[in-house]
Amino acid sequence: MQVPLIRLQCGVNSYEWGKKGSESAAARFAAATPSDNLSIQADKPYAELWMGTHPSNPSKDLTTGRTLLDLCAENQLLLSQSVASKYGSKLPFLFKVLSINKALSIQAHPNKKLAEQLHARDSKNYPDDNHKPEMAIAITPFEGLCGFRPLGEIAHFLETVKPLRTLVGESEASQFVQAAKQEGGDEAAKKKALQTAFGGLMSSSPEDIDRETASLVALAESEGADFAAGGVSSTKGAVLAELVTRLNGQFGSDIGIFVLFFLNFVTLQPGEALFLVADDIHAYVSGDIVECMAASDNVVRAGLTPKFKDVSTLVDMLTYNYAPIDEQKMTPTEYPYATLNRNAYSSGSSVMLYDPPIEEFSVVRTLLRGEGAKATFDPLEGPSIVICTGGKGTIAVGPTKQEIQEGYVFFVGSTAELVLESAVGQDEEFTTFKAFCEI
Ligand SMILES: NNC(=O)[C@@H](O)[C@H](O)[C@H](O)COP(=O)(O)O
Ligand SMILES: [Zn+2]
């Protein structure tokens, strides 16, 4: 049986935080494939390119116009028997490109049990009964808020940023600082103190938020590098002052600006990645990323957004784990199931695996430098989606070979032997990302 290589036409979601017009990688990539209902408007935000079978925006076979969801339902072998019997006739993952012009919501994604409860209670705001662990890989330099800071850093801000302490509440703040400074001590008590302080902040009244936002922005603008007593080693005062004024410029008075002092501020260079388990609090701030997640669109939001917010659910659901940002970053490893040809080796090409500790997906980034660089992948017992994010070349499965260039997306059925070959100049790069599930 001929294993299919299907060119996909993928939809793009226009959330308010997306980059506008052709500045958006999501828009450019979507527009690379002929479509009768997509014309990029210069002043419209294009946030997310969706690649997969999620019913909210299912990708289509470019040739027939049929959805990938239908094709997988008709022929489970596209997914492999093992994947289909565990996850049903759909992809276990949702693959995206995000192009971020302004901050996403302060958010977390419910674990499986909570997702089922939220979906049963409110399927409009929680469309899936599935968890949504997610991984982000930077395509351009990226900024994000991700996971709670080490407690000592939060204590520092509660002692040096008066508007923050006012919103948290004096007793919650002093209890937290005392717990944070205790050497060793009871982990559960520390997490409880963190939840109490964070809950105090998130329950602030709109009037208090307005008043304290004005004070915070005035301090940030007047103190600059001395803001927050110069900040902490992971986030200096000048960086915090700039972020406060930037987020205020984007959202006006918003509780999310104060959450900045509770969450790690992380920057990723292209190729760097972070992984978020379910119930991890985060908010992406800027940059273009490839994102892969379990098949779900459940987002619990609490700030920095015009969308539906569910603050009490967010405060209750978080794990209150805290750690330095390096523990959230993911380190890619060389992918052992691909063979590079001589051109690829000599030009420093690479095939890197991003493999989070969950079953639904992994991602491989293939970077082929120069003419004729080639990577041959061992067959996978599972489905893949491949997107080209830069350069051009060819993609082949058995005797079927197609052109591929920036923005092109392909579905590769199970047990395919995939070959990628570069067609760029000597010092140029042909870059692809492949999301796959193999169990
Ligand atoms: N962290 N990234 C994600 O979870 C994306 O996959 C989500 O689709 C976006 O976060 C959605 O963000 P808004 O709800 O529009 O603020
Ligand atoms: Zn998220």
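These legends go with a few close-up views of a predicted model.

It's a prediction, so local features need pLDDT of at least 70 and side-chain atom pairs count only at pLDDT 80 or more, while totals for chains, interfaces and linings use all residues. Residues are numbered from 1 along each chain as its sequence is written, chains are lettered from A and ligands numbered from 1 in the order written, and side-chain values use heavy atoms, leaving out hydrogens and water.

**View 1. Who surrounds ligand 1.** Seventeen residues are around ligand 1 (a heavy atom within 4 Å), and Glu48, Lys132, Glu134, Arg301 and Lys307 come nearest. By type, the shell has six nonpolar, four polar and seven charged residues. Here Asp, Glu, Lys and Arg count as charged, Ala, Val, Leu, Ile, Met, Phe, Trp, Tyr, Cys and Pro as nonpolar, and the others, Gly among them, as polar.

**View 2. Polar contacts with ligand 1.** A polar contact is a pair of N or O atoms within 3.5 Å. An N or O atom in the side chain of Lys307 sits 2.6 Å from a ligand 1 oxygen. For Ser105, a polar side-chain atom is 2.7 Å from an oxygen of ligand 1, and for Lys96 that distance is 2.8 Å.

**View 3. Strands E20 and E21 side by side.** Strands (E) are DSSP runs of at least two residues, numbered from the N terminus. E20 (residues 350-354) and E21 (residues 362-369) run antiparallel, joined by five bridges; strands pair if DSSP finds at least two bridges between them. Look for Met352, which stands opposite Arg365 in E21.

Key: A polar contact is a pair of N or O atoms within 3.5 Å; within protein, one must be able to donate a hydrogen and the other to accept it, and residues adjacent in sequence count only if both atoms are side-chain atoms. Helices (H or I, at least four residues) and strands (E, at least two) are DSSP runs, numbered from the N terminus.
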